[in-house]
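Here is a short tour of one protein chain. Keep the sequence and the 3D view side by side as you read.

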Amino acid sequence: MTMRIAIAGAGNVGRSIAQELIGNGHEVMLIERQPRQLCPERVPEAQWVLADACELSSLEEADVASCDVVVAATGDDKANLVVSLLAKTEFAVGRVVARVNRAENEWLFTEQWGVDVSVSKPRLMAALVEEAVTVGDLVRLMTFRQGEANLVEITLPKNAPYEGKPLRAVPMPRDAALVAILRGKRVLVPTPDDPLEAGDELIFVCTSEVEEQIRAVVLGPSAAEA
């Protein structure tokens, strides 16, 4: 499905997001308030708008109400919060994604400010570091829906309780789904007959409340407690 997406902020981050989305077949509008950042030749397929996305009148003129998604991607957290709030409350945009520049501001990017999904670069980089070096523990990669659901990863160590056993034998907690298995260079869609192997990276979507249960099931109660 082709979506119409507005991106506030046409710096390096905004342009990169725009190029990726256009490559996936979506219609993208870049809104930028600084003339020196207005570079249509860098993303010629996008619609470029010179305006302040924190101004209600600017968003009205850009017809943000017709957008399926708004991305607040400026380098200013205050601006991203204002854009998110206006997009959600004034234009009823279905999905608002906001960039968090400073980790100490992350707590503000919630549903109360119109944010459906916040992307914190410091948190994401820390998660990727942990994911790359951690075996035998649960790493939270991303949070969805104002913290209601998380994307988490566990790399299966040797001698784990269900190593070598099919997935149907694994008692999966409620409100948790194994969505992918990364095995070497392969990405496997899990099926009940797939056996687990040491070194598998197990990717789950789950609520925060069941993360400890997933850890206990995959690693064993004693390992989880440790």
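Which strands are included in what covers the buried residues of H1? Strand E1 (4-8), strand E2 (27-32) and strand E3 (47-50) are among them. Bear in mind that this is a predicted model.

## The whole chain

The protein has 226 residues, and 44% of them are buried. Its secondary structure comes to 6 helices and 11 strands. Take the contacts between residues at least 6 apart in sequence: 53% of them join residues at least 24 apart.

## Helix H1

Helix H1 covers residues 12-23, which makes 12 residues. From its first C-alpha to its last, H1 reaches 16 Å. That is close to the 16 Å expected at 1.5 Å a residue.

The buried residues in H1 are Gly14, Arg15, Ala18, Leu21 and Ile22. They lie on the same side of H1, because they cover an arc of only 130° around the axis. On the other side of H1, Asn12, Glu20 and Gly23 are exposed. Just after H1 comes Gly25, with a positive phi of about 95°.

## The parallel sheet

In what order do the strands of the open sheet run? The order is E3-E2-E1-E4-E5-E6, and the pairing of these 6 strands is parallel. E3 and E6 are the edge strands, and each pairs on one side only. From one strand to the next, the twist averages 15°. Strands of a sheet pair through backbone hydrogen bonds, either parallel or antiparallel.

Now look at E1. E1 is joined to E2 by 5 bridges, and the two run parallel. Here Ala6 has Met29 of E2 as its bridge partner. Strand E4 (residues 69-72) is also parallel to E1, and 4 bridges join them. Across that pair, Ala8 has Ala72 of E4 as its bridge partner.

How many residues of E1 are buried? The count is 5 of 5, so E1 is mostly covered by the under 20% cut-off for relative accessible area. In a regular strand the side chains alternate between the two faces of the sheet. On one side of E1, the buried residues are Arg4, Ala6 and Ala8. On the other side, Ile5 and Ile7 are buried too, and both faces of E1 are covered.

A helix also lies against this part of the sheet. Helix H3 (residues 77-89) lies across E1, E4 and strand E5 (95-100). H3 runs at about 175° to E5.

## Ser120 at the edge strand

Strand E6 spans residues 117-120, and Ser120 is part of it. Is Ser120 buried or exposed? Ser120 has 5% relative accessibility, so it counts as buried. Setting aside neighbours within four places in sequence, Ser120 is in contact with Val100 and Glu106. Glu106 sits 14 residues from Ser120 along the chain, yet their C-alpha atoms are separated by 7.1 Å.

## Cysteines

Two cysteines show different degrees of cover. Cys54 counts as partly exposed, at 27% relative accessibility. Cys67 is buried, with a relative accessible area of 5%. The structure holds 0 disulfides.

## Unusual backbone angles

Most residues other than glycine have a negative phi, and most peptide bonds are trans. Two aspartates have a positive phi instead. The table sets them out.

| Residue | Phi | Loop | Relative accessibility |
|---|---|---|---|
| Asp63 | near 60° | between helix H2 (56-61) and E4 | 40%, partly exposed |
| Asp175 | about 65° | between strand E8 (149-155) and strand E9 (176-183) | 48%, partly exposed |

Why does Asp63 count as partly exposed? Its relative accessibility is 40%, and partly exposed means between the 20% and 50% cut-offs.

A glycine with a positive phi also follows helix H5. H5 covers residues 211-219, and its buried residues are Glu211, Ile214, Arg215, Val217, Val218 and Leu219. Right after H5 comes Gly220, whose phi is positive, near 100°.

Terms used: Residues numbered from 1 in each chain as written. Predicted model: local features only at pLDDT ≥ 70, side-chain atom pairs only at ≥ 80, totals over all residues. Heavy atoms only, no water. Buried < 20%, exposed > 50% of the residue type's maximum accessible area, 1.4 Å probe, protein only. Contact = heavy atoms within 4.5 Å. Expected span 1.5 Å × (residues − 1). Arc of directions from axis to C-beta. Disulfide = S-S within 2.5 Å. Pairing = 2+ DSSP bridges. Axes fitted to C-alpha atoms, helices over the stretch in contact; angles between N-to-C directions.
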